[in-house]
Amino acid sequence: QVRLVESGGGSVQAGESLRLSCAASGSILGINDMGWYRQAPGKQRELVASITRSGFANYADSVKGRFTISRDNAKNTVYLQMNSLKPEDTAVYYCNARIVTMARDEDNYWGQGTQVTVSS
């Protein structure tokens, strides 16, 4: 079994910062791309940022310069540092990872989501 567990969400004022963490556990042989998505009420889930195993990062235009994604391969963990938060960043944030299990199957896994609320 593989699990992704997120932490670090909360409620902040505009301009403040939050750091999200997502730890993968279970029968993991390796993790390829990891990323963060978000879904606001009434909207589709969208990619926020992704990072390859070697550390190449990709960002949505709306968060470039404000958010930073990073990962610790030894801890099977991905982070999202969110600075200068805006009310439009309010959403449920989901961790995503392409994981190769001990059975040598690669599949796409999701965390349970963590709420981020930014008030003006």
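Biologist: What percentage of the 120 residues in the protein is buried?

Modeller: Keep in mind that this is a predicted model. A residue counts as buried when its relative accessible area is under 20%. Among the 120 residues of the protein, the buried share is 40%.

Biologist: Which pattern does the protein follow along the sequence?

Modeller: Start by counting elements: the protein has 11 strands and zero helices. Reading along the sequence therefore gives β-β-β-β-β-β-β-β-β-β-β.

Biologist: How does the radius of gyration of the protein compare with the globule rule, and what is its value?

Modeller: For 120 residues, the globule rule gives 14 Å. The protein comes close to that, so it is as compact as a globular protein of that length. Its radius of gyration is 14 Å.

Biologist: Which strand supplies the largest share of the largest nonpolar core?

Modeller: In soluble globular proteins, nonpolar side chains tend to be buried together. Here the largest nonpolar core has 30 residues, and Trp36, Leu80, Met82 and Tyr93 touch the most other members. Several strands each supply at least two residues of this core, including S1 (2-7), S4 (28-39) and S9 (91-101). The largest share is five residues, and it comes from S9.

Biologist: Leaving aside neighbours within four places in sequence, which residues are in contact with Met82?

Modeller: Contact here means heavy atoms within 4.5 Å. With those sequence neighbours left aside, the partners of Met82 are Glu16, Ser17, Leu18, Leu20, Arg66, Phe67, Tyr93 and Val116.

Biologist: How far apart are the mean positions of the positive and negative charges?

Modeller: The protein has 13 positive and 11 negative charges. Taking the mean position of each set, the distance between the two is 3 Å.

How values were computed. Residues are numbered from 1 along each chain as its sequence is written. This is a predicted model: local features need pLDDT of at least 70, side-chain atom pairs count only at pLDDT 80 or more; totals for chains, interfaces and linings use all residues. Side-chain values use heavy atoms; hydrogens and water are left out. Helices (H or I, at least four residues) and strands (E, at least two) are DSSP runs, numbered from the N terminus. The radius of gyration is taken over C-alpha atoms; the globule rule is 2.2 Å times the number of residues to the power 0.38. Buried means under 20% relative accessible area, exposed over 50%, partly exposed in between (1.4 Å probe, protein chains only). Lys and Arg count as positive and Asp and Glu as negative; His and the chain ends are not counted. The place of a charge is taken as NZ of Lys, CZ of Arg, CG of Asp or CD of Glu. A nonpolar core is a set of buried Ala, Val, Leu, Ile, Met, Phe, Trp, Tyr and Cys residues joined through side-chain atoms within 4.5 Å.
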